[in-house]
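Biologist: Hi! Could you pull up the model so that we can go through it together?
Modeller: Sure, here it comes.

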Amino acid sequence: MLDRIKIKLQYLIPKQGLTRLAGWGAERRGALLTQWVIKAFAGYYKVDMKEAQDPSFSAYPTFNEFFVRPLRAGARPVVSGLDMLCLPADGAVSQLGPISDGKLFQAKGHFYTLEALLAGNYQLAEQFNEGMFATTYLAPRDYHRVHMPCDGVLREMTYVPGDLFSVNPLTAANVPNLFARNERVICVFDTEFGPMVQILVGATIVGSIETVWAGQITPPREGIIKRWTYPAAGAEGAISLEKGQEMGRFKLGSTVINLFAANQVEFVPQLKNGTVTRMGEPFAEAVRHRAAEPVSAESVI
């Protein structure tokens, strides 16, 4: 009964207004009030401040600065090896597996289409049909910067306006087409493993989504799809990012979805629904390289 009430409220609460209010509050410099909110949040969600570059609460004048706190050097070693991809974020695996007949599994009998997720871009969707996908949920206690699973050159970025449903497991199991209806930023990269998409999905009270190359993408929320294209590798102005390098961040929230083309990578076998993830740990291996090899780590952060 309680779960049904929670889902019903998702449809009834003014999510846009609540999100604007939360974003406004998270940017305020409230001195002692801000410090109290940060400490209360960290205590309630059991945030591990020992991993932070600066573990002192007083180092963060706003809640948002605390929320996107950088980690100390060496906190997230990045798996090495040319054929190994690393996990892009701290969190937990929501779902992962094959993209079958252009559909991705959401939860509990819910599927959504690849084309809907990619805002109707059927040409882009065709590149990933019968490929692989992984959905990573970032809980409030997690580190909220998102990193590259492999080296890549940015091809295009698309902002898609949408709803702001919560993306926690309960909502994912009960709201149809959740990730294809929520606000999101779709980033397309050319990589050694074929095209790769990394999608930053917004949610209720996610104050903003940012990328390292463009800064804050949302807000403002203007209700229109926006698309940017970028120079190819080697051209002037090309944006190249390395494996393990930060590519974006959430100020509150949310979820990351990765798409890979068919016959390019296989996820490491230890990843399953509910598996806790840590940025930099093994994510996938190139299909061309199936022989097991020792895995070492190199510090990036």
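Biologist: Which residue stands opposite Asn258 in strand 16?
Modeller: Opposite Asn258 you find Gln198. Keep in mind that we are looking at a predicted model. Gln198 belongs to strand 10, residues 194-201, which pairs with strand 16 in the antiparallel sense over six bridges.

Biologist: And how many bridges does strand 16 make with strand 6?
Modeller: Six bridges, again in the antiparallel sense, with strand 6 covering residues 132-137. There, Met132 faces Phe260 of strand 16.

Biologist: How many residues of strand 16 are buried?
Modeller: Six of its six, so to speak: strand 16 spans residues 255-260 and is mostly covered.

Biologist: Which of them point which way?
Modeller: Thr255, Ile257 and Leu259 go one way, while Val256, Asn258 and Phe260 go the other way, and all are buried. In a regular strand, side chains alternate between the two faces of the sheet.

Biologist: Switching sheets: what is the strand order in the open sheet of three?
Modeller: The order is 2-19-17, and the pairing is antiparallel. Strand 2 (84-86) and strand 17 (265-267) are at the edges with a single partner strand each, so one side of each has no neighbour in the sheet. On average, neighbouring strands here are turned by 30° against each other, ignoring direction.

Biologist: How many bridges join strand 2 to strand 19?
Modeller: Three, with strand 19 made of residues 282-286 and the two running antiparallel. Met84 is placed opposite Glu285 of strand 19.

Biologist: Strand 2 ends in a cysteine, Cys86. How far is its sulfur from the closest cysteine sulfur?
Modeller: The distance is 8.1 Å, to Cys150, which is too far for a bond. Cys150 is in no disulfide either, as its nearest cysteine sulfur is that of Cys86.

Biologist: Are those two cysteines buried or exposed?
Modeller: Cys86 has 0% relative accessibility, so it counts as buried. Cys150 is buried as well, at 2%.

Biologist: And how many disulfides are there in the whole structure?
Modeller: Zero, after a search of the whole structure.

Biologist: On to the rings, then. How many aromatic pairs does the structure hold?
Modeller: It holds 14. One of them is Phe41 with Phe67, an edge-to-face pair with 6.0 Å centre to centre and 70° between the planes.

Biologist: Where do Phe41 and Phe67 sit along the chain?
Modeller: Phe41 is in helix 3 (residues 32-45) and Phe67 in helix 4 (residues 63-67), so this pair, 26 residues apart, links distant parts of the chain. Phe41 is buried at 14% relative accessibility, and Phe67 is buried at 2%.

Biologist: What about Tyr60 and Phe66, how do their rings meet?
Modeller: Their centres are 6.1 Å apart and their planes are at 70°; pairs over 60 degrees count as edge-to-face, so Tyr60 and Phe66 form an edge-to-face pair. Tyr60 is buried at 5% relative accessible area, and Phe66 is buried at 0%.

Biologist: Which residues do the ring pairs link into a cluster?
Modeller: Phe41, Tyr44, Tyr45, Tyr60, Phe63, Phe66 and Phe67.

Biologist: Nice. Which residue lies over the face of Phe66?
Modeller: That is Arg69, at 4.7 Å from the ring centre.

Biologist: What does Ala52 touch, leaving out residues up to four places away in sequence?
Modeller: Ala52 touches Tyr60, Arg69, Pro70, Leu71 and Arg72. Ala52 is in the loop between helix 3 and helix 4, and is buried with a relative accessible area of 4%.

Biologist: How far apart are the C-alpha atoms of Ala52 and Leu71?
Modeller: They are separated by 4.2 Å, although the two are 19 residues apart along the chain.

Biologist: Last one, Thr34: where is its place?
Modeller: Thr34 is in helix 3. It is buried, with a relative accessible area of 9%.

Biologist: And which residues is Thr34 in contact with, beyond its neighbours within four places in sequence?
Modeller: Thr34 is in contact with Arg28, Arg29, Tyr60, Pro61, Thr62 and Phe63. Two of those names should be familiar, as Tyr60 and Phe63 are also in the ring cluster.

Terms used: Residues are numbered from 1 along each chain as its sequence is written. This is a predicted model: local features need pLDDT of at least 70, side-chain atom pairs count only at pLDDT 80 or more; totals for chains, interfaces and linings use all residues. Side-chain values use heavy atoms; hydrogens and water are left out. Two strands pair if DSSP finds at least two bridges between them. Helices (H or I, at least four residues) and strands (E, at least two) are DSSP runs, numbered from the N terminus. Axes are lines fitted to C-alpha atoms, for helices over the stretch in contact, and angles run from 0 to 180 degrees between N-to-C directions. Rings of Phe, Tyr and Trp (its six-membered ring) pair if their centres lie within 6.5 Å; planes under 30 degrees apart count as stacked, over 60 as edge-to-face and the rest as tilted. Buried means under 20% relative accessible area, exposed over 50%, partly exposed in between (1.4 Å probe, protein chains only). A charge sits over a ring if NZ of Lys or CZ of Arg is within 6 Å of the ring centre and within 35 degrees of the ring normal. Contact means heavy atoms within 4.5 Å. A disulfide is a pair of cysteine sulfur atoms within 2.5 Å.
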